[in-house]
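Hello,

Here is the structure we spoke about handing over. Please look through it before reading the notes below.

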Amino acid sequence: MTLQTERIRTLEQMAAFVEANEPVDFQPADLDGAYAFMARTLTRLGYRTLDKP
C-alpha cells in the first residue's frame, strides 16, 4: 500500500484527511524512507512557520 498525500497542502486539509479515515496500523518499508516522508510532509505544510502554543 502506498500513502499518497501530496495533494494535501494545508493543515485544515490534513485534519480533514485524518478525521475522515479509520485508524490504521502500518509499518514503513525502511526507517530512512519514513523519516524522508515526514520531512517532506512537514516542509510542504510549512511546519516551521507555524505559531507554537
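Is T41 buried or exposed? T41 is buried, because its relative accessible area is 7%, under the 20% that marks the limit for a buried residue. Bear in mind throughout that this is a predicted model.

T41 sits in helix α2, which covers residues 31–44. Once neighbours within four places in sequence are set aside, the contacts of T41 are with T5 and M14.

Two further residues of helix α2 are worth going through.

R44 also belongs to helix α2. With a relative accessible area of 19%, R44 counts as buried, since the limit is under 20%. Leaving out residues up to four places away in sequence, R44 touches T5, E6, I8 and R9. T5 therefore turns up in the contact lists of both T41 and R44, as far as buried residues go. R44 and R7 are 37 residues apart along the chain, and their C-alpha atoms are separated by 9.9 Å.

A34 is likewise part of helix α2. Its relative accessibility is 22%, so A34 counts as partly exposed; that class runs between 20% and 50%. The C-alpha atoms of A34 and T5 are separated by 13 Å, with their positions 29 residues apart along the chain.

Now the other helix and the surface.

Helix α1 takes in residues 11–20, and L11 is in it. L11 has 40% relative accessibility and so counts as partly exposed. L11 also helps to make a nonpolar surface patch of about 420 Å², together with M38, L42, Y47 and L50. A residue needs over 30% relative accessible area to be part of a patch, a condition that L11 meets because its value is 40%.

Last, the protein as a whole.

The secondary structure consists of two helices and zero strands. The protein has 53 residues, of which 13% count as buried; T41 and R44 are among the buried ones. The C-alpha atoms fill a box of roughly 30 × 25 × 20 Å along the principal axes. About 5100 Å² of the protein is exposed, and 58% of that area is supplied by carbon and sulfur atoms. As for charge, there are 6 positive and 8 negative charges, and their mean positions are 10 Å apart.

Regards

Terms used
Residues numbered from 1 in each chain as written. Predicted model: local features only at pLDDT ≥ 70, side-chain atom pairs only at ≥ 80, totals over all residues. Heavy atoms only, no water. Helix = DSSP H or I, 4+ residues; strand = E, 2+ residues; numbered from the N terminus. Buried < 20%, exposed > 50% of the residue type's maximum accessible area, 1.4 Å probe, protein only. Areas by Shrake-Rupley, 256 points an atom, 1.4 Å probe, with all protein chains shown as cover. Lys, Arg positive; Asp, Glu negative; His and termini not counted. Charge placed at Lys NZ, Arg CZ, Asp CG, Glu CD. Patch = residues over 30% accessible without salt bridge, like charges linked within 9 Å, V, L, I, M, F, W, Y side chains within 5 Å. Salt bridge = Lys/Arg side-chain N within 4 Å of Asp/Glu carboxyl O. Contact = heavy atoms within 4.5 Å.
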